Amino acid sequence: MAALSFLSLPLPSKTSIAASYSSNPPLPGRKLRAAVIGGGPAGSSAAEALASGGVETFLFERSPSNAKPCGGAIPLCMLAEFQIPNHLIDRHVTRMKIFSPSNLAVDFGKTLLPHEFIAMLRREVLDSFLRSRAESSGAELISGLVTDLKVPTITGAPYVVDYVVGGSRRELAVDVVVGADGANSRVAKSIRAGDYTCAIAFQERIRLPDEKMKYYENLAEMYIGNDVSPDFYGWVFPKCDHVAVGTGTVRAKQEIKVYQRGIRERVKPKINGGKVIKVEAHPIPEHPRPVRIRGRVALVGDAAGYVTKCSGEGIYFAAKSGRMCGEAIVRASDGGERMVDERDLKREYLKEWDAKYVSTFRFLDLLQKVFYGSNAAREALVELCGDEYVQRMTFESYLYKKLADGNRWEDAKMLVNSIGSLMRCKIIGEKMEALTL
Ligand SMILES: Cc1cc2nc3c(=O)[nH]c(=O)nc-3n(C[C@H](O)[C@H](O)[C@H](O)COP(=O)(O)OP(=O)(O)OC[C@H]3O[C@@H](n4cnc5c(N)ncnc54)[C@H](O)[C@@H]3O)c2cc1C
């Protein structure tokens, strides 16, 4: 989902660790063999990097024609970095409105430059494009359900992937495994990677009459308040011929349908007459798993737990972690010529990932705790979002995933304003609560 992440500033990219590749022996007369389980953005990006780098790659996807339940908002930098063609984009969102619990609206795209936008895609379109590209790079796509991953008990012995294809059971022996099989990851269970807390997100795709769709042409909306979620936000995202209306929660998963009614109620006049064409729900991980690498198995994307709090953004981080992991294996194996081990994966993938993104994830976690905790704090958040400096910092760090050039004086002002808004809204919030008692 689109970021609400001012100050979500990743650390400047660290200079790559000097190449200290695997000292493992060369593979006799064959290439390193990798299985990538899951063909979403994480898996396809990992498979593309592995196959292009000379590793024999198998990409497993249980349902290539399916659509992952998702808002489908991606940052601008992903288009260039992952060479996503313009024709895949349903909508170029240049305007955003954020609605406070009391329904005060703030326009949140005022600082966007003429070429800047949030890209809205349908996941079925994006995922099949990324999978095809992995295939063109040399990965073999297997349209099958992986039912088990057998972990070897002898060092250096292969991992065995059990899978079902067209009703028949098969197995494949591989040297290394990338678990990109999403929030309910079977690979994570096989390597005893431990659990993470999940939110549940619910979304309806609603086809609107033409005149109502026109309103959402280049506009996305976010709604916050106890009526739409106790700890997240509700959204209306425009797609090719419909809008995606949804919400999420960690704290009260069994109440998700109540919150979905809440967001529908808030947008009622704008979606009246619309026809629900799809209803979907899926877990969203809240933090990384305790273990992300064990032996020669690495987890990426949702399987690893790479979704930011506060914004619920995971597509870019899935594709990025998949690519980083694939490239790490290529480096460590000398282009598929040598075996890799756990230390190689930790050094070449995990260390690099953590250095680049841990602070961003922690910061957004803190923001969620401060601003989504009560209706009073949410009012303060919306008030702050009206500030042009806050908007510029938020969009720059969301769209480009890199350090936005701050201004010390403006930063100090923003801090004072944040505290001021929180204090003011707490008082306002307490007064409102007293009035409603
Ligand atoms: C309702 C909702 C809205 C969201 N909106 C946004 C948004 O607007 N922007 C954003 O950035 N993020 C959003 N997210 C988060 C985003 O969807 C995920 O972070 C992202 O999809 C993670 O990609 P992935 O490749 O790691 O996993 P997934 O996209 O979940 O892909 C996993 C793939 O593995 C396959 N698979 C699973 N098990 C097996 C198996 N045993 N055998 C074979 N294949 C298997 C699945 O079929 C699937 O294709 C949203 C999430 C939800 C639930």
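Two strands count as paired once DSSP finds at least two bridges between them. In this predicted model, strands S10 (residues 159-165) and S11 (residues 168-174) clear that bar, since 7 bridges join them and they run antiparallel. One of the pairings puts Asp162 opposite Glu171, its bridge partner in S11. The hairpin these strands make has 2 residues between them, and here Gly166 takes a positive phi near 50°.

Zooming out, the protein has 13 helices and 19 strands. Of its 437 residues, 49% count as buried. Contacts reach well along the chain: if one takes those with a separation of 6 or more, 74% come from residues 24 or more positions apart.

Now for the ligand. A shell of 41 residues surrounds it, and the closest are Gly38, Gly40, Gly71, Gly301 and Gly314. Sorted by class, that shell holds 19 nonpolar, 15 polar and 7 charged residues. Several elements chip in with at least two residues each: on the helix side H1 (41-52), H8 (301-304) and H9 (315-332), and on the strand side S3 (73-74), S9 (145-150), S13 (198-207) and S17 (275-285). As for where the ligand sits, domain 1 (33-71 + 123-195 + 288-366) and domain 2 (94-113 + 197-285) both give residues to the shell, so the ligand lies between them.

Strand S3, one of those shell contributors, is also home to Ala73. Is Ala73 buried or exposed? With 24 other C-beta atoms within 10 Å, Ala73 is buried, because the cut-off for that label is 20 or more. Ala73 and Arg91 are 18 residues apart in sequence, and their C-alpha atoms are 9.5 Å apart in space.

Next comes the packing. In soluble globular proteins, nonpolar side chains tend to be buried together. Here the largest nonpolar core takes in 115 residues, and those with the most contacts inside it are Ala34, Val36, Ala46, Leu50, Val177, Val300 and Ile329. Helix H9 gives the most to this core, with 11 residues. Ala46 makes a handy example of how such a residue is surrounded: setting aside neighbours within four places in sequence, Ala46 is in contact with Val36, Val178, Ala180, Val300, Gly322, Arg323, Cys325 and Gly326.

Helix H11 (residues 375-385) is mostly covered too, with 10 of its 11 residues buried. The buried set includes charged residues, among them Arg378, Glu379 and Glu383. Asn375, Leu381, Leu384 and Cys385 are also among the buried residues of H11.

Finally, a couple of backbone oddities. Most residues other than glycine have a negative phi. Cys310 nonetheless has a positive phi, near 75°, and Asp334 has one near 55°. Both sit in loops: Cys310 in the one between H8 and H9, Asp334 in the one between H9 and helix H10 (342-371). What sets their burial classes? Cys310 has 25 C-beta neighbours inside 10 Å and so counts as buried. Asp334, with 17 other C-beta atoms within 10 Å, is partly exposed, because that count falls between the limits of 12 or fewer for exposed and 20 or more for buried.

Methods
Residues numbered from 1 in each chain as written. Predicted model: local features only at pLDDT ≥ 70, side-chain atom pairs only at ≥ 80, totals over all residues. Near = placed C-beta within 6 Å. Helix = DSSP H or I, 4+ residues; strand = E, 2+ residues; numbered from the N terminus. Domains from an automatic or database assignment. Core = buried A, V, L, I, M, F, W, Y, C linked by C-beta atoms within 7 Å. Contact = placed C-beta atoms within 7 Å.
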